[in-house]
Amino acid sequence: MGSLDDFLAMGGYAVYVWPAYLLAAIVLIGLFAVSRAELRRRERHLQALERSRGAAGHRRRRGGDAR
Amino acid sequence: MHRFASPARFLRLAGAVQPWLAGGTLVLMALGLYLALFDSPPDYQQGESVRIMYIHVPAAWMALFVYACIAVASASLLVWRHPLAGLFAKASAPIGAGFTFLALVTGSLWGKPMWGTWWVWDARLTSVLILFFLYLGLIALTNAFESPERGQRASAVLALVGSVNLPIIKFSVDWWNTLHQPASITRMGTPAIDPSMLWPLFSMAIAFTLYYFWVVIVRVRGELIEARLRALTRLQTEGR
């Protein structure tokens, strides 16, 4: 286990190196998670809205896709 | 029709490339982390603290790159009124702010053991701090208006004005005396850095770039749905 301890100690710079990597992980994973949660929430909202509009709500979207 | 055709084309393209961007990000991130933490040597002067570089330098590159992308999108929003450009800029700003924040904090964590201080008010550090505030300003301004189009246009103007900061950041280490070291990768001739340190750096840089495009696609898709939601609710209230 000596080599693992050496690795974690980072030659005495552990308190600087590990927070840098940890923070990068938190920021990158956090940004992605927030972005995807927001997308999912809006998708659910849109589905609910389109259902409530029912058959009468013809989709304008189709016209755009056909181009 | 043109207004709808282009987001539809974007959604098709986004659906096709998104899994590749996600996969590429994860693979290169894993490779970059392995090279950065296990396979690269400690620096002969800085010891193991040099490993902070593999986060700090790619994050700082991305801080500039994302801003440059926002500036280009802002110009095309203002000149051609392309609706996707405004959404792209809006979706990019929080990611750019995240990278700038990372560059600042990891720089601070590197500066403490190497320079003996967390922070100095020199040209490089101050201009990057200004970049961070510019990002925050873009986010705030985009959301400050009742009409999303007006918010995006106002923030596009700020983005273009703020882009003078990019060359200032780039050349700050040459123009002013600073603790921060000058560029060692892009200097003329051979880079002043060993290949064993270059590979983890490039892996992380490409991983960060792919991450940016991956997450920006997720965010633009969200913005497109939001725009559709707004149109639908407007239709509903007018229909009554």
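Student: How many residues do chain B and chain A each put into the contact?

Tutor: Chain B gives 33 residues and chain A gives 27 residues. A contact here means that the C-beta atoms of two residues, placed from the backbone, lie within 7 Å. Keep in mind that this is a predicted model, where local features need pLDDT of at least 70, side-chain atom pairs count only at pLDDT 80 or more, and totals for chains, interfaces and linings use all residues. Residues are numbered from 1 along each chain as its sequence is written, while chains are lettered from A and ligands numbered from 1 in the order in which they are written.

Student: Which elements of chain B give two or more residues to the side that touches chain A?

Tutor: Those are helix H1 (2-39), helix H3 (83-115) and helix H7 (195-239) of chain B. Helices are DSSP runs of H or I with at least four residues, strands are runs of E with at least two, and both are numbered from the N terminus.

Student: And what classes of residue are on that side of chain B?

Tutor: There are 21 nonpolar, five polar and seven charged residues on it. Nonpolar covers Ala, Val, Leu, Ile, Met, Phe, Trp, Tyr, Cys and Pro, charged covers Asp, Glu, Lys and Arg, and the others, Gly among them, count as polar.

Student: OK, chain B on its own. How many helices and strands does it have?

Tutor: Seven helices and zero strands. Its C-alpha trace spans about 75 × 35 × 30 Å along the principal axes. Of its 240 residues, 38% count as buried. Buried means 20 or more other C-beta atoms within 10 Å of a residue's own, exposed means 12 or fewer, and partly exposed is in between, with C-beta atoms placed from the backbone.

Student: What does UniProt list as "transmembrane region" in chain B?

Tutor: The unreviewed entry lists residues 20-38, 58-80, 92-111, 123-145, 157-177 and 197-220. UniProt positions are in the numbering used here, feature names are shortened, and annotations may be inferred rather than shown by experiment. In the model, residues 20-38 of chain B are 100% helix and 0% strand, with end C-alpha atoms 26 Å apart. Residues 157-177 of chain B come out at 81% helix and 0% strand, and their end C-alpha atoms lie 32 Å apart.

Student: Which residues have the most contacts inside the largest nonpolar core?

Tutor: Ala59(B), Ala63(B) and Ala89(B), in a core of 69 residues. A nonpolar core is a set of buried Ala, Val, Leu, Ile, Met, Phe, Trp, Tyr and Cys residues joined through C-beta atoms within 7 Å. H7(B) supplies its largest share, 17 residues.

Student: What does Ala63(B) touch, leaving aside neighbours within four places in sequence?

Tutor: Ala63(B) is in contact with Gly96(B), Phe99(B), Thr100(B), Ala103(B), Val128(B) and Leu131(B).

Student: Back to H7 of chain B. Is Leu224(B) buried or exposed?

Tutor: Leu224(B), which lies in H7, counts as buried because it has 21 C-beta neighbours inside 10 Å. Not counting residues up to four places away in sequence, Leu224(B) touches Pro7(B), Leu11(B) and Leu87(B). Leu224(B) and Leu11(B) are 213 residues apart in sequence, yet their C-alpha atoms are 9.1 Å apart.

Student: Where is Arg81(B), and what is its phi?

Tutor: Arg81(B) comes just after H2(B) and takes a positive phi of about 55°. The residue sits in the loop between H2 and H3 of chain B. Arg81(B) counts as exposed, because it has 12 C-beta neighbours inside 10 Å. Most residues other than glycine have a negative phi.

Student: Which residue in chain A has a positive phi although it is not a glycine?

Tutor: Met10(A), at about 50°. Met10(A) lies in the loop between helix H1 (2-9) and H2 of chain A, and is partly exposed, with 19 other C-beta atoms within 10 Å.

Student: Which elements of chain A have the lowest and highest mean pLDDT?

Tutor: Helix H3 (residues 61-66) of chain A has the lowest, 46, and H2(A) the highest, 93. pLDDT is the predictor's confidence in each residue, from 0 to 100. Over residues 63-67 of chain A the pLDDT is below 50. Chain A as a whole averages 82, and 78% of its residues score at least 70.
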